[in-house]
Amino acid sequence: AAGAWGLTVADVRQAAVAVEHGIRRIIVANEIVGTPEARLLAEMTRNAVEIYCFADSARSVGALAEAASACGGLLRILVEIGGPQGRAGARDIPAAVAVAHDVVQAEGLLLAGVAGFEGVFAGETVDASVDSIRAYLRSLRETAEAVAPIAAASAQGDQFVLSAGGSSYIDIVVDELAGCLASAPPMRLVLRPGAYVAHECDSCQEASPFGLR
């Protein structure tokens with residue numbers, strides 16, 4: 001009611017719990033590496049649940065497509081963009097565009113947008129962190145601008161999503177990505193505050209000069 005667009009989870013188990021509690025739009029902010037896990041997610045979508053998954057390679061697209069087509073489900077795919085030292089994600093814009101083309105050609109998948117996580121690119125100092133975060137977010141935006149026409153040409157219907165983390169660096173995320181809200185057609189900017197098993201409010205308060213501690 002306060003404006004939340006959906007719920008972010010880290011794995012299939014958490015997604016299942018969310019569905020059991022009535023959540024109908026879920027982002028799995030992680031790579032799904034196995035077909036059995038992907039099939040569990042795809043089966044959830046047969047009950048009017050929207051599942052958004054990350055994909056960063058032809059192999060991950062293939063596993064998700066195999067699972068979705070096998071059970072008649074529909075998985076919405078966010079192409080993940082990473083970086084040279086990133087944990088996951090396509091390493092550059094051409095690689096992300098190739099993944100996007102794989103998605104639109106796959107049965108049971110819908111190209112829904114682009115996503116990433118800026119927190120892993122923080123540097124050793126505040127200034128270094130801000131510089132590296134901004135550089136990464138610019139590459140994320142450029143990737144979204146390159147992938148969005150592919151989604152539009154596929155006429156798959158959903159509004160294009162551009163999603164980033166947004167806990168420690170929420171102001172920088174909004175500053176760098178909010179311009180996409182005025183693109184044509186406009187993108188939906190979705191922030192994903194939180195961490196693997198808990199919200200990051202305590203660590204953010206400790207790190208911020210405006211925190212309560």
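A residue counts as buried when its relative accessible area is under 20%. Keep that cut-off in mind for these views of a predicted model.

**View 1. Welcome to the whole chain, with its seven helices and seven strands.** Reading along the sequence, you meet the pattern β-α-β-α-β-α-β-α-β-α-β-α-β-α. The protein chain has 213 residues, and 46% of them are buried. Take the contacts between residues at least 6 apart in sequence: 68% of these join residues at least 24 apart.

**View 2. Here helix H1 packs with helix H2.** H1 covers residues 12-20 and H2 covers residues 35-44. Their axes are 10 Å apart, at an angle of about 15°. Angles under 35 degrees count as roughly parallel, so H1 is described as roughly parallel to H2. The crossing of these two helices is left-handed. To find the contact, look on H1 for Val12, Ala15, Ala16 and Val19, and on H2 for Glu37, Leu40, Leu41 and Met44. Sorted by class, the contact of H1 with H2 has seven nonpolar residues, no polar ones and one charged residue.

**View 3. Now we move to the crossing of helix H4 with helix H5.** H4 spans residues 93-104, while H5 spans residues 126-153. The axes come within 10 Å of each other and cross at roughly 30°. This crossing is right-handed. H4 brings Ile93, Ala96, Val97, Ala100, His101 and Val104 to the contact, and H5 brings Ser139, Glu142, Thr143, Ala146, Val147 and Ile150. Eight residues of the contact of H4 with H5 are nonpolar, three are polar and one is charged.

**View 4. This close-up shows Phe121 and Tyr136, which form an aromatic pair.** The structure holds two aromatic pairs. In the pair of Phe121 and Tyr136, the ring centres are 4.4 Å apart and the planes are 20° apart, and the pair is stacked. Phe121 sits in the loop between strand S5 (109-115) and H5, whereas Tyr136 belongs to helix H5, so the pair ties together parts that are 15 residues apart in sequence.

**View 5. Let us stay with Phe121 and Tyr136 and ask how buried each one is.** Phe121 has a relative accessibility of 16% and therefore counts as buried, because the cut-off is under 20%. Tyr136 has a relative accessible area of 5%, so Tyr136 is buried too.

Conventions: Residues are numbered from 1 along each chain as its sequence is written. This is a predicted model: local features need pLDDT of at least 70, side-chain atom pairs count only at pLDDT 80 or more; totals for chains, interfaces and linings use all residues. Side-chain values use heavy atoms; hydrogens and water are left out. Axes are lines fitted to C-alpha atoms, for helices over the stretch in contact, and angles run from 0 to 180 degrees between N-to-C directions. Helices (H or I, at least four residues) and strands (E, at least two) are DSSP runs, numbered from the N terminus. Angles under 35 degrees count as roughly parallel, over 145 as roughly antiparallel, 65 to 115 as roughly perpendicular and the rest as oblique. A crossing is left-handed if the near helix is turned anticlockwise from the far one by less than a right angle, and right-handed if clockwise. Contact means heavy atoms within 4.5 Å. Ala, Val, Leu, Ile, Met, Phe, Trp, Tyr, Cys and Pro count as nonpolar, Asp, Glu, Lys and Arg as charged, and the others, Gly among them, as polar. Rings of Phe, Tyr and Trp (its six-membered ring) pair if their centres lie within 6.5 Å; planes under 30 degrees apart count as stacked, over 60 as edge-to-face and the rest as tilted. Buried means under 20% relative accessible area, exposed over 50%, partly exposed in between (1.4 Å probe, protein chains only).
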